[in-house]
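Subject: Handing over a structure, with notes on what was found

Dear colleague,

I am passing on the structure below, and after it you will find my notes, written for someone who has not looked at it before. Please keep it open beside you as you read.

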Amino acid sequence: MVRTAVALADRGGLDSLSMRKLADKLGVVPMALYKHVANKDELLDAMVDIVFEELEFPGGGSWRSAMRARAISMREGLSRHPWAVGLMEVRAPGPANLRHHNATMACLRKDAGLPFRMAVHAYSLMDSYIYGSALQEKTLPIDIPAEAETRLRVIAAEQPSHANEYPYLAEIGVEFAKSGYDYREEFEFGLDAILDAIERRRKLRSASTT
């Protein structure tokens with residue numbers, strides 16, 4: 001039932017999901033759903049837990065490789081389930097949710113050796129970036145190069161005398177027309193910058209305590 005609800009939300013967003021539509025999809029009467037969940041809020045909690053269940057968190061390697069793989073897996077999960085952006089940290093946690101958060105803190109505390117406060121800072125920083133990137137990808141135009149060209153055409157049409165005042169916007173249109181815009185590439189560039197910063201802090205703390 002919950003996976004069917006996830007599939008409906010994946011196709012049409014949360015606005016398209018109702019208990020009646022879910023019942024129709026399953027071929028049952030709506031009241032039958034309430035044998036499994038108390039209400040739609042409880043259904044959403046279970047749906048979010050499925051997203052957490054899909055996330056990969058490889059063990060056995062370095063803390064950095066584990067956190068990098070986690071971040072990429074989260075981005076990909078939120079790309080598959082864009083309705084979950086904004087819900088991952090606000091729904092009542094289920095088993096997969098709890099396991100994921102515990103594993104993340106274990107990686108930062110035990111594997112990276114960060115003190116509690118620094119681990120919390122690193123966790124918050126990474127999640128702010130991951131969820132912010134997912135929201136940006138969800139709301140930005142699908143075709144970034146085409147959007148850049150559209151902006152330039154609007155400027156040229158509405159303010160012809162000002163069309164040459166935006167050379168860096170023009171450069172975006174020209175360069176993206178050649179190479180395209182890759183959300184994953186942009187995400188991983190920022191991700192590596194964040195991991196580099198955490199590693200520098202970790203080494204500084206290690207040096208100061210020896």
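Let me begin with a pair of charged side chains, Arg-184 and Glu-76, which form a salt bridge whose closest N and O atoms are 2.5 Å apart. Because Arg-184 lies in helix 10 and Glu-76 in helix 5, this pair ties together parts that are 108 residues apart in sequence. Arg-184 counts as partly exposed, at 34% relative accessibility, and Glu-76 also counts as partly exposed, at 28%. Please bear in mind throughout that this is a predicted model, so that the distances and accessibilities I quote are values computed from it.

That pair belongs to a wider arrangement, since salt bridges that share partners join Arg-64, Arg-68, Glu-76, Arg-184, Glu-188, Asp-192 and Asp-196 into one network. As general background, side chains of opposite charge can pair when their charged atoms come close. In the structure as a whole there are 14 salt bridges.

Within the network, Arg-68 deserves a closer look. Its side chain meets that of Glu-188 in a salt bridge, with an N to O distance of 2.9 Å. As Arg-68 lies in helix 5 and Glu-188 in helix 10, which covers residues 183–208, the pair ties together parts that are 120 residues apart in sequence. Arg-68 also forms a salt bridge with Asp-192, where the closest N and O atoms are 2.8 Å apart. Here again the pair ties together separate parts of the sequence, 124 residues apart, because Arg-68 is in helix 5 and Asp-192 in helix 10. As for accessibility, Arg-68 counts as partly exposed at 23% and Asp-192 counts as partly exposed at 23%, whereas Glu-188, at 16%, counts as buried.

Helix 5 also holds Ser-73, which counts as buried at 6% relative accessibility. Leaving aside its neighbours within four places in sequence, Ser-73 is in contact with Glu-54, Leu-55 and Glu-56.

Leu-55 appears again among the contacts of His-100, a residue that lies in helix 6. Not counting residues up to four places away in sequence, His-100 touches Phe-52, Leu-55, Phe-57, Arg-70, Met-74 and Tyr-123. With one of these, Arg-70, the side chain of His-100 makes a polar contact of 3.0 Å. Is His-100 buried or exposed? At 6% relative accessibility, His-100 counts as buried.

Between helix 5 (63–80) and helix 6 (95–111) there is a loop, and Ala-84 is found in it. Although Ala-84 sits in a loop, this residue is buried, with a relative accessible area of 0%. Its contacts, once residues up to four places away in sequence are set aside, are with Val-51 and Leu-78.

Met-31 makes a useful contrast, for this residue, placed in helix 3 (residues 30–33), counts as exposed at 63% relative accessibility. Together with Val-29 and Tyr-34, Met-31 makes a nonpolar surface patch of about 330 Å². The C-alpha atoms of Met-31 and Ala-84 are separated by 25 Å, and the two residues are 53 places apart along the chain.

Finally, I would draw your attention to helix 1, which covers residues 2–12 and in which Val-2, Ala-5, Val-6, Leu-8 and Ala-9 are buried. Seen down the axis of helix 1, these buried residues fall within an arc of 165°, and so they line one face of the helix. On the other side of helix 1, Arg-3 and Arg-11 are exposed. What covers the buried residues of helix 1 includes helix 2 (19–26) and helix 4 (40–54). Just after helix 1, Gly-13 takes a positive phi of about 80°.

If you have time for one part of the model, I would suggest starting with the network that includes Arg-68 and Glu-188, and then turning to helix 1 with its buried residues along one face.

With best wishes

Technical notes:
Residues are numbered from 1 along each chain as its sequence is written. This is a predicted model: local features need pLDDT of at least 70, side-chain atom pairs count only at pLDDT 80 or more; totals for chains, interfaces and linings use all residues. Side-chain values use heavy atoms; hydrogens and water are left out. Helices (H or I, at least four residues) and strands (E, at least two) are DSSP runs, numbered from the N terminus. Buried means under 20% relative accessible area, exposed over 50%, partly exposed in between (1.4 Å probe, protein chains only). Contact means heavy atoms within 4.5 Å. Patches are made of residues with over 30% relative accessible area and no salt bridge: like charges are joined within 9 Å, nonpolar side chains (Val, Leu, Ile, Met, Phe, Trp, Tyr) within 5 Å. Accessible areas come from the Shrake-Rupley method with a 1.4 Å probe; for residues, only the protein chains shown count as cover. A salt bridge is a side-chain nitrogen of Lys or Arg within 4 Å of a carboxyl oxygen of Asp or Glu. A polar contact is a pair of N or O atoms within 3.5 Å; within protein, one must be able to donate a hydrogen and the other to accept it, and residues adjacent in sequence count only if both atoms are side-chain atoms. The arc is that of the directions from the helix axis to the C-beta atoms.
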